[in-house]
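Thanks for coming, everyone. Let me put today's model up on the screen, and then I'll walk you through it.

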Amino acid sequence: MTRKFGRHCPALLLLLAFTAGCGSDDLTCPLAGDITGLTVELSAVPVGPFTVEIGVPIISPSLPVSYTYRCDGGPQCRTRTIRFPGLIATYLTVRVTTERGVRNTTPPQPVKYIDTYPNGRACEPRSTTATVQAAIPE
């Protein structure tokens, strides 16, 4: 029996030498960062300064936690897409305030997040993202 194993030993050693360097340490991953968070897509680009608030009813609907994006004017305000990095909330409301007034939107609940892998499934990080739609005051 030893003789049979001895005959296959060079092939086994070659296989072990070949696979020794195939661990995850040899994987080269791109440097794309984590994009976890919530994106609010506005129905139109607001004219002038605007504020987008995300209300999250953590304790109760009457005591929401609020996340705010404020744009006071200028070219950076010419956008329909507002990102809230790191925010994951399945129940929320969106309030958009412009010079024309205030508009509240409640997106479909619970908000559905998806996992994405900006560097590929074999590389970190995993990002968890969702996009909700919100109307602006008319």
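Quick one to wake you up: does Phe50 count as buried or exposed? Phe50 counts as buried, because its relative accessibility is 2%. For the cut-offs, buried means under 20% relative accessible area, exposed means over 50%, and partly exposed is in between, with a 1.4 Å probe and protein chains only.

Before we go on, some housekeeping. This is a predicted model, so local features need pLDDT of at least 70 and side-chain atom pairs count only at pLDDT 80 or more, while totals for chains, interfaces and linings use all residues. Residues are numbered from 1 along each chain as its sequence is written, and side-chain values use heavy atoms, with hydrogens and water left out.

Okay, the overview. The protein chain has one helix and eight strands, and from the N terminus the order is α-β-β-β-β-β-β-β-β. Those are DSSP runs numbered from the N terminus: H or I over at least four residues for helices, E over at least two for strands. The chain has 138 residues, and 28% of them count as buried. About 9,500 Å² is exposed, with carbon and sulfur atoms supplying 58% of that; the areas come from the Shrake-Rupley method with a 1.4 Å probe, and for residues only the protein chains shown count as cover. On contacts, meaning heavy atoms within 4.5 Å: among those between residues at least 6 apart in sequence, 64% join residues at least 24 apart.

Now the sheets. Strands of a sheet pair through backbone hydrogen bonds, either parallel or antiparallel. Here, two strands pair if DSSP finds at least two bridges between them.

One open sheet has four strands in the order β4-β1-β8-β7, and its pairing is mixed. At the edges you have β4, residues 81-85, and β7, residues 114-116; each has a single partner strand, so one side of each is left without a neighbour in the sheet. Neighbouring strands here are turned by 30 degrees against each other on average, direction ignored. For that, axes are lines fitted to C-alpha atoms, for helices over the stretch in contact, and angles run from 0 to 180 degrees between N-to-C directions.

Let's walk across that sheet. β1, residues 37-42, runs antiparallel to β4, and five bridges join the two. Thr39 stands opposite Arg83 in β4. Turn to β8 and the bridge partner of Thr39 is Thr131. β1 and β8 pair in the parallel sense over six bridges, and another of the partnerships there is Glu41 with Gln133 of β8. Then comes β7, which pairs with β8, residues 127-134, in the antiparallel sense over three bridges; Asp115 has Thr128 of β8 as its bridge partner.

How covered are those strands? Five of the six residues of β1 are buried, so β1 is largely enclosed by the rest of the structure. β8 is mostly covered too, with six of its eight residues buried.

Next sheet. Here four strands form an open sheet in the order β3-β2-β5-β6, with antiparallel pairing. β3 and β6, residues 101-105, are the edge strands, each pairing on one side only. The twist averages 15 degrees from one strand to the next. β2 and β3 share seven bridges in the antiparallel sense, and Val56 has Val65 of β3 as its bridge partner.

Which brings us back to Phe50. How many aromatic pairs does the structure hold? One. It is Phe50 with Tyr69, a tilted pair with 6.0 Å centre to centre and 40 degrees between the planes. The rule: rings of Phe, Tyr and Trp (its six-membered ring) pair if their centres lie within 6.5 Å, and planes under 30 degrees apart are stacked, over 60 edge-to-face, the rest tilted. Phe50 is in β2, residues 50-56, and Tyr69 is in β3, residues 65-71, so the pair links distant parts of the chain, 19 residues apart. Unlike buried Phe50, Tyr69 counts as partly exposed, at 25% relative accessibility.

Last stop, the cysteines. A disulfide, here a pair of cysteine sulfur atoms within 2.5 Å, joins Cys71 to Cys77, with S to S at 2.0 Å. The count comes to one disulfide. The link is left-handed, with -105 degrees about the S-S bond, and both Cys71 and Cys77 are buried.

That's my tour; over to you.
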